[in-house]
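Work through the exercises below with the model open. Each task is followed by a solution in steps.

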Amino acid sequence: MSRRGWFVWSGALCAVLALAWTPPTVEAPAAASDAAFVARIELIGPIGPAAAEYVHGAIQHATDDGAKAIVLQLDTPGGLIESMRDIVADILAAKVPVIGYVGPAGARAASAGTYILYACPLAAMAPGTHLGAATPVDLGGGTPMPSPFGNGFPASSKSADKSAPGNNAVSDAEANKVLNDAIAMIRSLAQLHGRNAVWAEQAVRGAATLTANEAAAQHVIDFVAADPSSLLAQADGRTVKIGEQSVTLALRDLPLRDYPPNWRARFLGIITNPTIAYVLLLAGIYGLIIEAFHPGSFFPGVTGGICLLIGLYALQLLPVSYAGLILMALGVALLLAEAFVPTAGVLGVGGVIAFVLGSIMLFRTDVPGYSVNLGVILGIACCAIIMLGLLLRLVMRARRARAFNGEEQMLQNTGELLQAVAAGGQGWARIGGERWRVQCEAALPAGAPVRVVSRHGLLLQVTAARAGEGESS
């Protein structure tokens, strides 16, 4: 690689490392004033590392700016348990009251969102919203409940295979342990803020759900608010517990100040989308392959290297199945092997199958919002099949094509004398588009058509061509 290529690669690597080490912050809102205000943090979409980092930075920033309270507006299908635990810890450690609000109409706080709402000192929902279905399930497909590390919180789960009694006993013990841990967590949050702990257990154990009015009637939330203004009006005068202190809220008619995510949080939100991370990974692999076949072109290699580094960084933040990653790598390797060791498509077909299965298994699809779009997988698989078909067609055409060099091919060529040749003498002729030294038993004039009859090293024995035979191309 040239010096220029090394500089580009070094710059790309430094950029990725800087991204990984940048401390979490949020974009500064409009110019701060001494007037009292309420901060608003919008947590929309699946809960993952980017969401947890954004909430952490926004709470810290709003607290430093002197916010009287923080409205955490939720609309989430759930997500990763580690990210959810980080958000819950930030809410419990906040020095100002955090008001959980499921809104606007049509929003939900499902799965991990239910835990976050229970963690807020004050909880409210907009009409037409719902919460619940907080049963943790398996990410790997083997047991009905996951390991506490890296789980998600979808709404339902299927039992493990009962055919192996020993494995079944271990599965049940693990399932009970994780289920009881989840129940204890949500019950402790309910008791901390004086909410319905019985229904909280039902949401975990039986995936129970409630609408906004039902949640208010069962004391799962504190009240129903149609919009943020109504939320602050109803929260005004209520007493909440922040750490060991009780705080009476005075929020009526206070302005809301939004704390949007900064560029880093937005970037992480994009690349930790499983479909984007999947495409980045493939773009990186194929960019490096193209660079390997065409060394010195630089653009595919540099672009592929950057995409691969970013894709791998995203993968280490996501619930990835390494079996799926290995299957994908095997599929790409088999497709490349088919190009060098033609096997009538055996390696190629195996590579496509391994690649598709690895793509489906790559992300643990039980986590809400953390699966690759099947349309993207099918599209890439169809492209691989088309490329394999074209490769096999080229291989078959190459096998049927006649030889373009060698003794046998040379004996079929005809040409034209470039100079007159005496009987038994030698001269030059153009044969197959090339100049050859020739010898002829009969005298022939310049321009006479000749045909090769034998070859002796670099000397061709020719004879006059029959009528109708011309110079070969």
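A salt bridge here is a side-chain nitrogen of Lys or Arg within 4 Å of a carboxyl oxygen of Asp or Glu. The model is predicted. By this rule the structure has eight salt bridges.

**Exercise 1**

Task: Examine the salt bridge between Asp-258 and Arg-40, and decide whether each residue is buried, partly exposed or exposed.

Solution:
- Start with the distance. N to O is 2.7 Å for Asp-258 and Arg-40. The cut-off is 4 Å.
- Place the partners. Asp-258 sits in strand E11 (residues 256–258), and Arg-40 in strand E1 (residues 38–44). They are 218 residues apart, so this pair links distant parts of the chain.
- Apply the accessibility limits. Buried means under 20% relative accessible area, and exposed means over 50%.
- Arg-40 has 17%, so Arg-40 is buried. Asp-258 has 36%, so Asp-258 is partly exposed.

**Exercise 2**

Task: Find where the partners Arg-195 and Asp-222 lie, and classify their burial.

Solution:
- The side chains of Arg-195 and Asp-222 form a salt bridge, at 3.4 Å from N to O.
- Arg-195 is in the loop between helix H5 (165–192) and helix H6 (197–205). Asp-222 is in the loop between helix H7 (212–217) and strand E8 (223–224). The two are 27 residues apart.
- Arg-195 has a relative accessible area of 6%, and therefore counts as buried. Asp-222 has 23%, and therefore counts as partly exposed.

**Exercise 3**

Task: Describe the salt bridge of Glu-201 with Arg-205, and name the network that includes these residues.

Solution:
- The N to O distance between Glu-201 and Arg-205 is 3.0 Å.
- Both residues belong to helix H6. Four residues separate their positions, about one turn of the helix.
- Glu-201 is at 22% relative accessibility, so Glu-201 is partly exposed. Arg-205 is at 47%, so Arg-205 is partly exposed too.
- Now extend the pair. Salt bridges link Arg-187, Glu-201 and Arg-205 in a network.

**Exercise 4**

Task: Work out how helices H12 and H13 are oriented to each other, and what their contact is made of.

Solution:
- Take the geometry. H12 (residues 322–340) and H13 (residues 346–362) pack at about 160°, and their axes are 7 Å apart.
- Compare with the cut-off. Angles over 145 degrees count as roughly antiparallel. H12 and H13 are therefore roughly antiparallel.
- Add the handedness. H12 passes H13 in a left-handed crossing.
- Sort the contact by class. The contact of H12 with H13 has 16 nonpolar, seven polar and one charged residues.

Notes
Residues are numbered from 1 along each chain as its sequence is written. This is a predicted model: local features need pLDDT of at least 70, side-chain atom pairs count only at pLDDT 80 or more; totals for chains, interfaces and linings use all residues. Side-chain values use heavy atoms; hydrogens and water are left out. Axes are lines fitted to C-alpha atoms, for helices over the stretch in contact, and angles run from 0 to 180 degrees between N-to-C directions. Angles under 35 degrees count as roughly parallel, over 145 as roughly antiparallel, 65 to 115 as roughly perpendicular and the rest as oblique. A crossing is left-handed if the near helix is turned anticlockwise from the far one by less than a right angle, and right-handed if clockwise. Ala, Val, Leu, Ile, Met, Phe, Trp, Tyr, Cys and Pro count as nonpolar, Asp, Glu, Lys and Arg as charged, and the others, Gly among them, as polar. Buried means under 20% relative accessible area, exposed over 50%, partly exposed in between (1.4 Å probe, protein chains only).
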